[in-house]
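Subject: Handing over the structure

Hello,

Here is the structure I promised to pass on to you. Please open it first, and then read on with it beside you.

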Amino acid sequence: MVSYMRKYLADLRRSGIRLLNATLVIPEIQESLQSKGISSKYTSFSYVYNDEQFVAALKNDVIIVKSLPPKLKEARKQKQFPTFKPTRSASPSYYITEVLPALKKAKVIGLVISDGGCLQDALPPSLAEFQRLRCRVAYHALRFRAEILALGHEIVKRLRASDQPYLAYHPGLVRDPLAYHGCAELFQDVHTELIQYRRAQMIKQRIIREEISVDSHARKMNGSCPLMPEEVGLLLRAMGYPPLTRIYVAGSEIFGGQRVLIPLHAMYTNLVDRTSLCNKQELLNLFGPEKPLEEEALETLPSKSPQLSKEEWDKAGPRPRPLPPPPDRPIYRHEKEGWYGWVAEKDAEPDPSPSELRTRAHRLLWAALDYIVSVEADAFFPGFHNDDSGWPDFSSLVMGHRLYEMASLRTYRPNRKYLTELFNSSSENLYHPKRSWILSVREHLNKSVGEEGLLRELRSSKPTAFLSYPIPECSCRTTNSPDVIGSLYRDVDECPKWMEKGLKVSLQDTVISGNESPEDDAELDKQLEPDEDDSTQTKSSLEQDEEMDPDD
């Protein structure tokens, strides 16, 4: 859910700022509206993000206001303004020819984003500045509120309490992508029915144009379905990760429940998530003061007075007589709770209850915590990324953010099609594979961390998910960078002088604050000369990689 918002808001800035030259009202996040039971302490946007940081970071790009004037608010309630629902592949010309005339005429318009984006990912080189703006929004303007950041960094601190690195793993088992690709047969019983029901909805809405029943195993063979947790555990074992490796499982919702994680947990006992690293009160504090929800009335059998019961008994006829048919069994509240209980009772998915709506809002906060921990992880392994559906997914955005922050971070980019073929070739002895199989896995995953994996990501995901690979548009090189920086960065522009100066001043302040003597300033300046390589940083990065390298 956080991935949807991050991409949508980045797109919204690009379409609303530069193309329309309009004032922006801080958007509302539908999953966290007041009507869904969140704390009145927060607005829809500030429930997840720091709105002050958002306004300040974009003050040079767009005028942002926190709300509409009272008169316009009332007009909005009466639906007097035109509303547009752009698709995630909308082109810049759509906003110029369709949206801009309506904006000039009505002065106010609404944009409703329902599928995770509102502007195409691939833009011509002449609009490269729009891509840079997208990165400024995604990586600088959109900051989680202070309470979320504090708890997220505390989780990272606890994971590294004994100076041990940790690996973050996101299974990617989410209902919509599974239904989109037809992966129902990979699950059992009720979960298969839930996926098929959602797939039928997508067919009806013309999101997909296929049959409702497809061969899930064939889809998995071509890489369209996720790697299951058991398979990820086998891959990590082949890579040499010891059984006590700390693995953080990200994901506010894992389709299939904890049952699908049992094989992975059997291989790696240090499998943790936010609930095992935080106490209940720490998690509750993120919600803020919430009003108690009204208890749903239990559907009980109608009561009868003793006199009425006696009259019905007397009128029932001669005895012995057959018993009357039992009344319809009432459905009690405890049977309604849970997002799948309706499958056995009804053909249509019921409207969510107030408690379910509130839970959806809470999942935004869980996803935000997982995002922080995943970006900061020493290694990251995605179970399902770059699925070609066009929807932003958690793993792809984390991988793009890690690439933007520090390209040397160990981020696996597995080719699911190739790995599925490997699994099928050794299906009879997966837990005791041959050495050639282990070497093939290691070769593939080690290459996926480096330049080969980045090039594959550039070809496959960037055209449909720009934030999964935000270079070279959103990166720059300083004058003290090495002359040879690899084929991936040949088109990277030099950083502006003000940015390079800022980095130099920041580096000086860091050294001085670390109890360095002023006499070391001359040596520091010598290290920062344009013709010198930053060997210290390179060494630190390599040492970090070696620490996480399971081959050693």
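Below is what was found in it, starting with the disulfides and moving on to charged pairs and a histidine.

Please keep in mind that this is a predicted model.

Let me begin with the cysteines. The count of disulfides comes to two. One of them joins Cys135 to Cys474, with an S to S distance of 2.0 Å. Cys135 belongs to helix α5, while Cys474 sits in the loop between α20 (451-460) and β10 (476-477), so this bond ties together parts that are 339 residues apart in sequence. Both ends, Cys135 and Cys474, are buried. The torsion about their S-S bond is about 90 degrees, so the disulfide is right-handed.

Cys183 and Cys225 form a disulfide too, and their sulfur atoms are 2.0 Å apart. Here the torsion about the S-S bond is about -100 degrees, which means that this disulfide is left-handed. To find the pair, look for Cys183 in the loop between α7 (175-181) and α8 (189-204), and for Cys225 in the loop between α9 (216-221) and α10 (229-239); the parts they tie together are 42 residues apart in sequence. Cys183 is buried, at 0% relative accessibility, and Cys225 is buried with a relative accessible area of 1%. While you are looking at cysteines, you will also come across Cys118, buried at 0% relative accessibility, and Cys278, buried with a relative accessible area of 8%.

Now to the charged side chains. Side chains of opposite charge can pair when their charged atoms come close. In this model the count comes to 17 salt bridges, and three of these pairs are worth describing to you here.

- Arg132 and Glu129: their side chains meet in a salt bridge at 3.5 Å, N to O. The two residues are three apart in helix α5 (residues 128-141), so about one helical turn separates them. Arg132 is partly exposed, with a relative accessible area of 28%, and Glu129 is partly exposed as well, with 31%.
- Arg145 and Glu147: this salt bridge has an N to O distance of 3.3 Å. Arg145 counts as buried because its relative accessibility, 4%, is under 20%, whereas Glu147 is partly exposed at 33%.
- Arg160 and Asp378: the side chains meet in a salt bridge at 3.3 Å, N to O. Arg160 lies in the loop between α6 (146-159) and β5 (166-170), and Asp378 in the loop between α16 and β8 (379-382), so the pair ties together parts that are 218 residues apart in sequence. Arg160 is partly exposed, with a relative accessible area of 29%, but Asp378 is buried, with 11%.

Which residues does the salt-bridge network link? Asp61, Glu129, Arg132 and Arg136 are the ones linked in it. You have already met Glu129 and Arg132 as a pair. Helix α5, where that pair is found, is also the helix that holds Cys135 of the disulfide to Cys474.

Last comes His362. Its place is in helix α16 (residues 354-376). Is His362 buried or exposed? At 11% relative accessibility, His362 counts as buried. Leaving aside residues up to four places away in sequence, His362 touches Tyr47, Phe287 and Glu290.

I hope this helps you find your way around.

Best wishes

Methods:
Residues are numbered from 1 along each chain as its sequence is written. This is a predicted model: local features need pLDDT of at least 70, side-chain atom pairs count only at pLDDT 80 or more; totals for chains, interfaces and linings use all residues. Side-chain values use heavy atoms; hydrogens and water are left out. Helices (H or I, at least four residues) and strands (E, at least two) are DSSP runs, numbered from the N terminus. Buried means under 20% relative accessible area, exposed over 50%, partly exposed in between (1.4 Å probe, protein chains only). Contact means heavy atoms within 4.5 Å. A salt bridge is a side-chain nitrogen of Lys or Arg within 4 Å of a carboxyl oxygen of Asp or Glu. A disulfide is a pair of cysteine sulfur atoms within 2.5 Å.
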